[in-house]
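Please take a moment to look over the sequence and the model, and then follow one strand outward to its neighbours.

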Amino acid sequence: MNNRNPIWWLLLWLPVSLWAQTPPPLQLAETYQAGASLSGYWVSEKLDGVRAYWDGERLWSRQGHQYPAPAWFVEDFPDVPLDGELWLGRGRFSELSAAVRRFQPRRQEWQRIRYMVFDLPASRLPFGQRLQRLRALLTPSPSPHVALIDQRPATDHDALMTRLDEVIAAGGEGLMLHHRDSRYRAGRSQALLKVKRHRDAEAVVVAHLPGQGKYQGMLGALLVERSDGRRFRLGTGFSDAERADPPAIGALVTYKYFGLTATGLPRFASYLRVRQPAPTGASGH
C-alpha cells in the first residue's frame, strides 16, 4: 500500500467511532398484545438507553459503529459477548446519546453511565439458562460500570399492566418480555416482546417544515419517511429547544403513535427522540 496517498493518511486520523463493522446480529422485539399467553415469560424494565453489543473487547451500536468507551470503563468487563443497553437513568436519553457519540469521550459523563446487560448472544442455551449464566457472571459484578437488568417471572396481564403503570409513573419507558425457552436469534421474534401504552417506530427525516404563529422562524413539523417509502408529518412532541435546533435531515428519529389510520399511516404520531444522528456529510437544517 502506498502510504503517501493522502486519503490513506486521512483515514488513519479519523476517530475510531467513525469506523464501522457489519452490524451485530441482534435479536429484536415484537410488540405485546393483550390476551397473549404470559406463560414462561420473564419481565424486565425497558430502559431508555442506547443498545450496545459487547464483543468481548469493544462496544458496538446496533448499526455496527464502535462506541468510544474509555479503556477504564470496559477494562473489567467479562471477555464474552453481551447484549445490553448503555444507560444513564430514566428520562436522560438525550444526555446519554450525546455522551456516547462524542469523538472524544468525557470522563465525567462516562463515570455516570452503566452497561445494563440482558442477554448472552453467543450462547445456544434457552433464555432461562442464559439468565442463570448471566447471574453467575455478573453477581457480584466484576465492574462498577456493568450490571444485570432485573428479571422477574411474568404472571398475568393485570399484574403486567400494574407493573407497567408503576414504571411509567416513575419516569420509565416500558417493559420487556423474554420467553424462557427461546434461543438467541437475530431479527424480530415473538419470544422477545416490548410492552408499552403506545406503539413506537422509526423514520428518517427528509425535510423541515416551517412553523407559524408562535413558532415563526422555528420548526413547525418534520417530514419523515418510513422504511416502506411512505411519508408523513411529525408536528408534536418537540420542546422549544428542539424546534429551534431540530434533528438534521437524514437523522433516524423515533416517534410514538396510537394505532393506524384507514390509510395505514400512524395515528396521532408524535416525536420522541433522535435514534441515530444524520450520516456525516448529510445536509443540515
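In this predicted model, strand β9 is mostly covered, with 6 of its 6 residues buried, where buried stands for under 20% relative accessible area. In a regular strand, side chains alternate between the two faces of the sheet. For β9, both faces are covered: Gly174, Met176 and His178 are buried on one side, and Leu175, Leu177 and His179 are buried on the other.

Where does this strand sit among its neighbours? The open sheet is built from 5 strands in the order β1-β10-β9-β2-β8, and its pairing is mixed. The edges are formed by β1, residues 27-31, and β8, residues 152-153, each of which pairs on one side only.

Along one side of β9 (residues 174-179) runs β2 (residues 41-46), and these two strands pair in the antiparallel sense over 6 bridges. Two positions help to trace this pairing by eye: tyrosine 41 stands opposite histidine 179 of β9, while serine 44 has methionine 176 of β9 as its bridge partner. Both of these β9 residues are among the buried ones, His179 on one face and Met176 on the other.

β9 also pairs with β10, to which it is joined by 4 bridges, and here too the strands run antiparallel. Within this pairing, leucine 175 has valine 195 of β10 as its bridge partner, and Leu175 lies on the face of β9 that also carries Leu177 and His179.

Finally, a helix belongs to the picture. Helix α6, residues 157-169, lies across β2, β8, β9 and β10 (187-195), and its direction makes an angle of about 140° with β9.

How values were computed: Residues are numbered from 1 along each chain as its sequence is written. This is a predicted model: local features need pLDDT of at least 70, side-chain atom pairs count only at pLDDT 80 or more; totals for chains, interfaces and linings use all residues. Side-chain values use heavy atoms; hydrogens and water are left out. Two strands pair if DSSP finds at least two bridges between them. Contact means heavy atoms within 4.5 Å. Axes are lines fitted to C-alpha atoms, for helices over the stretch in contact, and angles run from 0 to 180 degrees between N-to-C directions. Buried means under 20% relative accessible area, exposed over 50%, partly exposed in between (1.4 Å probe, protein chains only).
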